[in-house]
Amino acid sequence: GFGAARRTAFPAILPPTKRPKLELGYDAILPADSRSTVHAPSACKVNTLIRQSTQLKKGQPVAKISINNQHNQPTPIHLPAPTDGTVDFYNVKEGDVVADKALILTIHVDALLQYVSMLGRIPHITCLLERAFPKDASSDTNFQRRFILVVGVSGILTARIAIRRTFLEGDSVDKEEGTTPSAAQSKPTAPAATPTNASKDVMSGDVMAADDGGADDLSGKGAGGKLSKGGQLRIEAVSISAVTEHLNPWENSNMAVFRVINEMAYAMLHHLRTRKGDRGDVLQDFVVWLSYYRNLFSAKCIYCKRILVAENPSQVFRQSYLPPTGRKVDSGLAFHPNCSPLSPPMPTEVGEKVGVKMDI
């Protein structure tokens, strides 16, 4: 039942002695988190700064400065964010006058959020993050090791993918390690006033965190200002449903068409893992394959040239007519599983009754 499936997919809810061993391997590799800095283009005065911990998109204004022109008149300029990330800490205050190339603020570049943002740029795909439910008992309050990736396909279907994240070489690295700023620079300084113009375009779409009463952060950045090192992602469960359903990754949809696609998804995941070898991004390829379902209810089968075909032709009085629920991994062409030459052949007389062209 679903209880056994949940215990298998989410072993953290069991006592350590009864947790089943997870299958080895990975479906994606994450690089280590990093930091990006914003410097003054020349000697200037800092007017406003964007709020700390604000999630940024590349090119979004993070600070407003004033630079004197040739007539010694102040000219306002907005400094853009060099990359997606989160405002980590300031090195100046609002109202300060800084020199040329002076460090203004530092941006935390989270590898997980960067990866999800990259998946969201796949055509017809929308990606969000949710916290795992039940609550991940294997993680501390700083680093989430399990989460749910929600993938929407053009308002046709929703896929909830349970993912486990494994950190490499320890969980995190402190600010003072490596190329991070010195201890004198790493102390956050609050701006003198609440940011105004630069803080209006705050990114709000890449992360959707369910309120479970905890202080967990879906990103790799902990409460102590740490950066997570590189890690791996492993898909543990997948649930395909309609956009009006809200299922956990170990549950099945109430609609037959999405239950069939759910079975196809597990088969495709196994196929992608088999052909991956030592390289390849299984998770990205899986999301690309999901994007092929954008024409689920309008595409014709490449074999029978029809849209609706009986799911089980042998049951004449209990028919479920479904659209093409299969998609080719490379081309995205639609097909009915029963029409595919690789599927078991149907009886000829039954195929003739329902009008299915046999192509074995």
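How are helices α3 and α4 oriented to each other? In this predicted model, the place to begin is the packing of helix α3, which spans residues 256–276, against α4, where the angle is about 140° and the axes lie 10 Å apart. Since only an angle over 145 degrees would count as roughly antiparallel, α3 and α4 are therefore oblique to each other. The crossing in which α3 passes α4 is right-handed. On the α3 side, the contact is made by Met264, Ala265, Met268, Leu269, Leu272, Arg273, Arg275 and Lys276, which meet Val282, Asp285, Phe286 and Trp289 of α4. Sorted by class, the residues of this contact comprise eight nonpolar and four charged ones, with no polar residue among them.

Helix α4, made of residues 282–291, also packs with helix α2, residues 111–120, and here the angle is about 30° with the axes 10 Å apart. Because angles under 35 degrees count as roughly parallel, α2 and α4 are therefore placed in that class, roughly parallel to each other. The passage of α2 across α4 is a right-handed crossing. The residues that meet are Tyr115, Met118 and Leu119 from α2 and Leu283, Gln284 and Val287 from α4. This contact divides into five nonpolar residues and one polar residue, and no charged residue takes part.

From the helices the path leads to the strands. Strands of a sheet pair through backbone hydrogen bonds, and the pairing may be parallel or antiparallel. One open sheet has four strands in the order β6-β5-β3-β8, with antiparallel pairing. Its edges are formed by β6 (74–80) and β8 (97–98), each of which has a single partner strand, so that one side of each is left without a neighbour in the sheet.

Followed along that order, the sheet can be described pair by pair. Strand β5, residues 61–68, joins β6 in the antiparallel sense over seven bridges, and Ile65 has Ile77 in β6 as its bridge partner. The pairing of β3 with β5 is likewise in the antiparallel sense and runs over four bridges, with Leu49 standing opposite Ala63 in β5. Strand β3, residues 44–49, pairs with β8 over two bridges, again in the antiparallel sense, and there Lys45 stands opposite Val97 in β8.

Another open sheet of four strands follows the order β2-β9-β7-β4, with antiparallel pairing. Here the edge strands are β2 (34–39) and β4 (55–56), each of them pairing on one side only. At the β4 edge, β4 pairs with strand β7, residues 85–90, over two bridges in the antiparallel sense, and the bridge partner that Leu56 finds in β7 is Gly85.

A single residue completes the tour. Ser241 has its place in strand β15, which covers residues 231–241. Is Ser241 buried or exposed? Its relative accessible area is 1%, and because buried means under 20% relative accessible area, Ser241 is buried. When residues up to four places away in sequence are not counted, Ser241 touches Leu157, Thr158, Arg160, Leu247, Ser253 and Phe258. Of these residues touched by Ser241, Phe258 falls within the 256–276 range of α3, which leads back to the helix whose packing with α4 opened this account.

Notes
Residues are numbered from 1 along each chain as its sequence is written. This is a predicted model: local features need pLDDT of at least 70, side-chain atom pairs count only at pLDDT 80 or more; totals for chains, interfaces and linings use all residues. Side-chain values use heavy atoms; hydrogens and water are left out. Axes are lines fitted to C-alpha atoms, for helices over the stretch in contact, and angles run from 0 to 180 degrees between N-to-C directions. Angles under 35 degrees count as roughly parallel, over 145 as roughly antiparallel, 65 to 115 as roughly perpendicular and the rest as oblique. A crossing is left-handed if the near helix is turned anticlockwise from the far one by less than a right angle, and right-handed if clockwise. Contact means heavy atoms within 4.5 Å. Ala, Val, Leu, Ile, Met, Phe, Trp, Tyr, Cys and Pro count as nonpolar, Asp, Glu, Lys and Arg as charged, and the others, Gly among them, as polar. Two strands pair if DSSP finds at least two bridges between them. Buried means under 20% relative accessible area, exposed over 50%, partly exposed in between (1.4 Å probe, protein chains only).
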